[in-house]
Amino acid sequence: MSATTHQLTTPPAPWKSSFIEHLGKMPSPEFVLSTVKPAPASSHSPVPYLPRARFCIYRGMWSELPENKHNDAPMNDRVYESELPTFTSDVRMEKIPELFATGAGHGDVDQSQGSGGGGPVEAVWWIKEVGTQWRVKGTAYVIAEDIEGKGEESSGVRTVKSQLGERMRVVKKDGQESWSWGKELTAHFGNCSPGMRGSWKNPPPGTPADKEPDEEHKLGQKVTDLNDKIARSNFRVVVIKPSEVEMTDLSDPEKARRHRYTFVSEKGDDGEMVGKWTDEELWP
């Protein structure tokens, strides 16, 4: 993996196994993703940002892509594990420039065509099968095709590798040099169905439907080529870096509790930074 990354010494999160177990009980692991959007001057908003929300589908933890017999993309060895939830998106969707505009770099639309971002997000799952709500708060980073390649890395690529890399825990030391960010991105593309891959060749989202799209941008396409130029140019993996996770268990009204897990980092005895999750038990 790129030398621009540095892993914090962090034990597995205490909430991870329950989170994955609960999501496994859902027919589809859908969640509401909330972002913020800079308020346009024409909105006369009393605050500088406006909330935006939409449904997304959880695609596994970054570096831990679930096995899929229909995925014929090359796969990385399981060298890392993480608590970094992922979902896929289209670069043409509004959420992508929102993540750039509200990140530390305040990126513009041109910058949002590549890797980067870092804007604040909140993701919420309601798992009615177990009567539990999960809320993940943090920042989200976008991974695009420029994550690996020739030439000098962009500031966005360096930010992604640094911010996510520090939370990627090594589980197989002898495979680090061969682990590839680009291969992981392609594996996520291959993990989607041909119909889903085809959605990245849809007409531009949000444009008037009375305008006839060209032959390469139509609804209902199926893509089997892992290197389809148009689909891959629009395809993005978004990775959430949690700072706080809440589990509210309402399965038993007489024993309802909320657990708040907060990520903190501090200097260890050897002077190196180490990370850990604190756990507070709260009334719901």
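## Two pockets

Start with what surrounds the largest pocket: its lining breaks down into 3 nonpolar, 14 polar and 1 charged residues. Here Ala, Val, Leu, Ile, Met, Phe, Trp, Tyr, Cys and Pro count as nonpolar, Asp, Glu, Lys and Arg as charged, and the others, Gly among them, as polar. This is a predicted model, where local features need pLDDT of at least 70, side-chain atom pairs count only at pLDDT 80 or more, and totals for chains, interfaces and linings use all residues. Residues are numbered from 1 along each chain as its sequence is written, and side-chain values use heavy atoms, with hydrogens and water left out.

The largest pocket has a volume of about 300 Å³. Its lining takes in 18 residues, and F100, Q111, G117, S155 and G156 are the closest to the centre. Strand β5 and helix α3 (155-165) each give two or more residues to that lining. The second largest pocket holds about 260 Å³, and T88, S89, D90, M93 and M196 lie nearest its centre among 16 lining residues. Its lining splits into 8 nonpolar, 4 polar and 4 charged residues, with the largest share, 4 residues, coming from β4.

A pocket, on a 1 Å grid over the protein atoms alone, is an open set of points where a 1.4 Å probe fits, with protein on both sides within 12 Å along at least five of seven lines; lining residues have an atom within 4 Å of a point. Volume is the space filled by probe spheres set on the points, which are joined across faces, edges and corners. Helices (H or I, at least four residues) and strands (E, at least two) are DSSP runs, numbered from the N terminus.

## The nonpolar cores

The largest nonpolar core (buried Ala, Val, Leu, Ile, Met, Phe, Trp, Tyr and Cys residues joined through side-chain atoms within 4.5 Å) has 32 residues, and W15, F19 and W134 are among those with the most contacts inside it. Elements supplying at least two of its residues include α1 (16-23), β1 (30-38) and β6 (132-143). Apart from it lies another core, of 24 residues, including M168 and W181.

Contact means heavy atoms within 4.5 Å. Leaving out residues up to four places away in sequence, W134 touches W15, F19, W125 and V245, among others.

## A look at T132

T132 sits in strand β6. It is buried, with a relative accessible area of 1%; buried means under 20%, exposed over 50%, partly exposed in between (1.4 Å probe, protein chains only). A polar atom of the T132 side chain lies 3.1 Å from the backbone oxygen of V130.

How values were computed
A polar contact is a pair of N or O atoms within 3.5 Å; within protein, one must be able to donate a hydrogen and the other to accept it, and residues adjacent in sequence count only if both atoms are side-chain atoms.
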